[in-house]
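Open the model in your viewer and keep the sequence panel visible. The tour goes stop by stop, each with something to select and a note on what is there.

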Amino acid sequence: QVQLVESGGGLVQAGGSLRLSCVASGSGIERNVWAWYRQFPGNGRELLADIVRSGRTEYYIDSVKGRFTISRDNAKNAVYLQMDSLKPEDTAVYYCRSSYTHRGSLQSNYWGQGIQVTVSS
C-alpha cells in the first residue's frame, strides 16, 4: 500500500517562500508522474505542475509560472514544490499526487492528505 505524506506548509507573509515536500512509502511507483494540486474553499482541485520520471516538467499553470518550481528525487520517492514570491491568492490546501497511466488507462493513483498554505498580506 502506497501512502503519500506531505510537509512544509504553514503561514507566510506575502513575498515569502515555502517548500512543500511529499514522500511516498511503498514501492511500484517508479514510473509514476508526480504532480501538485491545490484546492480553494468551495472549488475543485486545480493542477499546478507535474513532472515525469526523467525530471522533465510537462506543465505549469499560468498563475504560478516563474514563481513555483516542481522537482523530484526518484531515489527518495519524493516530490517537492518550491514556492517563491507567494501571494495571498495562493492561500489554499495543497495536495501531491502520484499516478501512472498506460494506454489511456489509469493504473495507479495516490493522493497526499493535503496541507494548508496561508499567505498573509
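## Stop 1: the disulfide

Select Cys22 and Cys96 and look along the bond between their sulfur atoms: the torsion about that S-S bond is about 55°, so the disulfide is right-handed. Cys22 sits in strand β3 (residues 18-25) and Cys96 in strand β9 (residues 92-102), so far along the chain from one another that the pair, 74 residues apart, links distant parts of it. The distance from S to S is 2.0 Å. Keep in mind that this is a predicted model. How many disulfides does the structure hold? The structure holds one.

Now show the surface around the two cysteines. Are they buried or exposed? Cys22 has 0% relative accessibility, and because buried means under 20%, Cys22 counts as buried. Cys96 is likewise buried, with a relative accessible area of 0%.

## Stop 2: the nonpolar core

Select Trp36, Leu81, Met83 and Tyr94. These residues belong to the largest nonpolar core, which has 28 residues, and they touch the most other members of it. Next, colour the strands that supply at least two residues each to this core: β3, β4 (33-39), β5 (45-51), β7 (68-73), β8 (78-83), β9 and β11 (115-120). Which strand gives the largest share? That is β3, with four residues.

Stay on Met83 and show its surroundings. Leaving out residues up to four places away in sequence, Met83 touches Gly16, Ser17, Leu18, Leu20, Arg67, Phe68, Tyr94 and Val117. Two of these names, Gly16 and Leu18, are the next selections.

## Stop 3: Leu18 and Gly16

Select Leu18, which is placed in strand β3. Its relative accessibility is 14%, so Leu18 counts as buried. Beyond four places in sequence, Leu18 touches Gly8, Gly9, Gly10, Val12, Leu81, Gln82, Met83, Leu86 and Val117. For a distance to check in the viewer, take the C-alpha atoms of Leu18 and Lys87: they are 12 Å apart in space, while the two residues are 69 apart in sequence.

Move to Gly16, in the loop between β2 (10-13) and β3. With a relative accessible area of 17%, Gly16 is buried. Its contacts, neighbours within four places set aside, are Met83, Asp84, Ser85 and Leu86. A second distance to check runs from Gly16 to Gly44: 28 residues separate them along the chain, and their C-alpha atoms are separated by 26 Å.

## Stop 4: two loop residues with positive phi

Before selecting anything, note a general point about backbones. Most residues other than glycine have a negative phi.

Now select Ser85, one of the contacts of Gly16. Ser85 is not a glycine, yet its phi is positive, at about 50°. The residue lies in the loop between β8 and β9. How accessible is Ser85? Its relative accessibility is 41%, so Ser85 counts as partly exposed.

Then select Arg103, in the loop between β9 and β10 (105-111). Arg103 also has a positive phi of about 50° without being a glycine. Arg103 is exposed, with a relative accessible area of 80%.

## Stop 5: a buried arginine

Select Arg38 in strand β4. Is this charged residue buried or exposed? At 3% relative accessibility, Arg38 counts as buried. Show the residues around Arg38, leaving aside neighbours within four places in sequence. The contacts are Gly44, Arg45, Glu46, Leu48, Ser63, Val64, Phe68, Asp90, Ala92, Val93 and Tyr94. Tyr94 was also part of the core selection at the second stop. From the C-alpha of Arg38 to that of Asn74 the distance is 23 Å, and the two are 36 residues apart in sequence.

## Stop 6: the cavity

Asn74 leads to the last selection, since it is among the residues that line the largest cavity. Select the whole lining: Ile29, Glu30, Trp34, Arg53, Arg72, Asp73, Asn74, Asn77 and Ala78. How much space lies in the largest cavity? The volume is about 50 Å³. The count of cavities of 30 Å³ or more comes to one.

Finally, colour the lining by residue type. Three of its residues are nonpolar, two are polar and four are charged.

Definitions and conventions
Residues numbered from 1 in each chain as written. Predicted model: local features only at pLDDT ≥ 70, side-chain atom pairs only at ≥ 80, totals over all residues. Heavy atoms only, no water. 1 Å grid on protein atoms, 1.4 Å probe; cavity = no way out; pocket = protein on both sides within 12 Å on 5 of 7 lines; lining within 4 Å. Points joined across faces, edges and corners; volume = space filled by probe spheres on them. Nonpolar A, V, L, I, M, F, W, Y, C, P; charged D, E, K, R; others polar. Disulfide = S-S within 2.5 Å. Buried < 20%, exposed > 50% of the residue type's maximum accessible area, 1.4 Å probe, protein only. Core = buried A, V, L, I, M, F, W, Y, C linked by side-chain atoms within 4.5 Å. Contact = heavy atoms within 4.5 Å.
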